[in-house]
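Hello,

Here is the structure I promised to send over. Please have it open while you read, as my notes follow below it.

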Amino acid sequence: MDTINLLSGFGAAILSYLIPFLFVLTVVVFIHELGHFLVARWCGVAVKVFSIGFGPEIFGFYDRHGTRWRVSWIPLGGYVKFIDDENVASASGRKAFEALPEEERKRSFQGKSLAQRAAIVAAGPIANFVLAIIIFAAIFSVFGERVTAAKVDAVAPGSAAERAGFEPGDRIVSIDGSEIGSFSDMQRIVATSPDRELHFVVDRGGANLDLTATPERKEITDRFGNTMRIGLLGIQRSASPDDWTLERHDPATALVMGVKESYFVVSRSLAYLYDVVTGREDADQLGGPLRIAQVSGQVATAGFVALLNLAAIISVSIGLINLFPIPMLDGGHLLFYGIEAIRGRPLSESTQEIGFRIGLAFVLMLMIFATWNDLIHLKFL
C-alpha cells in the first residue's frame, strides 16, 4: 500500500509540473512559429510542416494549402518547414532549392527577396513580444493589480536604506528617473539591482529629496523553497488591508503598461547577462526546461493569472534569445541577411554551414549548462 501511495504521489507531482509546463511552452512556441508561418504565407512561401514539438508525430492534419499541422512527442520547441528547407532548423541549401521545379521555386523561401526573408525570420520573435504585451495588457485590464503606495513604514537597522538616509514616512517618487507608482514597482527594481547604485527621489513632508543607495546582495528562500540572490534595501511596508487597492485599467492604458512591462523584462534580462559576462553575477541563475517546468508548476498553485504572467515573461525571453546573432537562431539568420545586404550577395554556402555548426554547438552547450543548473537546483546532483 505504501508503494502504491508513493507512486500515486509521485505521479501527481509530475502531473502538477507537467501540465502547467506544457501549457506555457505550447502557447509560447505556437505563437512564435505562427509568426513565421503567417508572414511566410503572406509573402507567398509554401509551408510543408507546422510542428509543435520535435520527433515522431502524435497526431496531425493537412490544411487546404497542403501544410501538415502536427504535434510531436518532444515538447521542447517547434518549427515551420518550408518547401526548400533541408531540415527542421530551416537550413536552406542550394541543392534543395535547385531540385525544385521552376514553378515551385517562386513559392520557396530562397526564391523571395531579401526583405521578405528577413521579415519572415523576424516575425517569430516579434510575435513573442506581441503575445507578451497582449497578456500583460489583459492582466492589467481584466484582472487588475493590487497596489499600495511606495511608502516607507520602517527602516531596518544597519541596512543600506539606513545608511542612505531613508526615514519612516518617506514616499518614493522615482528611481533612476523612472516614476514609482507602487511599493511593488520599487521592490522589483531594487531586487534586480544588487550592488548597483540607485538614485532615489523621495517625498518627505511635501519636499522632494535626492538619496543614493546601493541594494545589498542577499540570498533568500521563497515560499516554494527556491533560493535566489536579490537586492535588498531594508525598507519595510506594513500596509493594512485598507491601504491596498485593486486597479483595473482601460484597454489603451493597459496596452501601454504591457509594452512597459515587456521592456522591463528585456532590459533586466540584458542587464543580468551583462553582469554574468563582466563577472558581477554568477551564471547559476540560468535555467532550462526542468526549471521552467518546476516554476510553472509552482506558479500554477498561485492561480491562473500568475501562470499567464509567467507565460508572458517566458514569451519575452524566448523572443529576446531568438534575436541573439547566433547562427541557427533567428538572430543568426538576420545577421547573415545583414551581411548579404552589405555585400550585395549572400555568404557562400560553406561559410553559412560552418556558422550553423558553430551556432548549433553553442546552443547545445548552453542547453547542457542550463540543464546542469536545473539538476543542481532541483537537488538531483
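What follows is a short tour of aromatic pairs, charges over rings, one helix and some strands.

Please keep in mind that this is a predicted model.

I began with the aromatic rings, where the count comes to nine pairs. One of them joins phenylalanine 23 and phenylalanine 304: the ring centres are 6.0 Å apart and the planes stand at 55 degrees, so this pair is tilted rather than stacked, a label kept for planes under 30 degrees apart. The two partners come from distant parts of the chain, 281 residues apart. Phenylalanine 23 belongs to helix H1 (residues 2-42), while phenylalanine 304 belongs to helix H9 (residues 304-322). Neither ring carrier is buried, as that would need a relative accessibility under 20%: phenylalanine 23 is partly exposed at 32%, and phenylalanine 304 is partly exposed at 49%.

A second pair has another geometry. Phenylalanine 54 and tyrosine 79 have ring centres 5.7 Å apart, and their planes meet at 20 degrees, so the pair counts as stacked. Here the partners sit in strands: phenylalanine 54 in strand E1 (residues 47-62) and tyrosine 79 in strand E2 (residues 68-82), so the pair ties together parts that are 25 residues apart in sequence. Phenylalanine 54 is partly exposed, with a relative accessible area of 26%, whereas tyrosine 79 is buried at 7% relative accessibility.

There is also a cluster to look for: ring pairs link Phe30, Phe37, Phe50, Phe61 and Trp69.

Two arginines are worth a look as well. The charged end of arginine 188 sits over the ring of phenylalanine 264, 3.9 Å from its centre. Arginine 117 lies over the face of tyrosine 337, and the distance to that ring centre is 5.3 Å.

Back to helix H9, which supplied phenylalanine 304 for the tilted pair. H9 has 19 residues, and from its first C-alpha to its last it reaches 27 Å, close to the 27 Å expected at 1.5 Å a residue. Buried residues in H9 include Leu307, Leu308, Leu310 and Ala311. Further along the helix, Ile314, Val316 and Leu320 are among the buried ones too.

Next, the strands. Which order do the strands of the open sheet take? The four strands run E6-E5-E7-E8, with antiparallel pairing. Its edge strands are E6 and strand E8 (207-213), each of which pairs on one side only. Within this sheet, four bridges join strand E5 (residues 171-175) to strand E7 (residues 198-204) in the antiparallel sense, and isoleucine 172 stands opposite valine 202 in E7. E5 also pairs with strand E6 (residues 178-179) over two bridges, again antiparallel. There, isoleucine 175 stands opposite serine 178 in E6. The hairpin of E5 and E6 has two residues between the strands, and in it aspartate 176 takes a positive phi near 50 degrees.

One last spot is isoleucine 220, found in strand E9 (residues 216-221). At 29% relative accessibility, isoleucine 220 counts as partly exposed. Its C-alpha atom is separated by 9.9 Å from that of glycine 231, eleven residues apart along the chain.

Happy browsing, and best wishes!

Key: Residues are numbered from 1 along each chain as its sequence is written. This is a predicted model: local features need pLDDT of at least 70, side-chain atom pairs count only at pLDDT 80 or more; totals for chains, interfaces and linings use all residues. Side-chain values use heavy atoms; hydrogens and water are left out. Rings of Phe, Tyr and Trp (its six-membered ring) pair if their centres lie within 6.5 Å; planes under 30 degrees apart count as stacked, over 60 as edge-to-face and the rest as tilted. Buried means under 20% relative accessible area, exposed over 50%, partly exposed in between (1.4 Å probe, protein chains only). A charge sits over a ring if NZ of Lys or CZ of Arg is within 6 Å of the ring centre and within 35 degrees of the ring normal. The expected span of a helix is 1.5 Å times one less than its number of residues. Two strands pair if DSSP finds at least two bridges between them.
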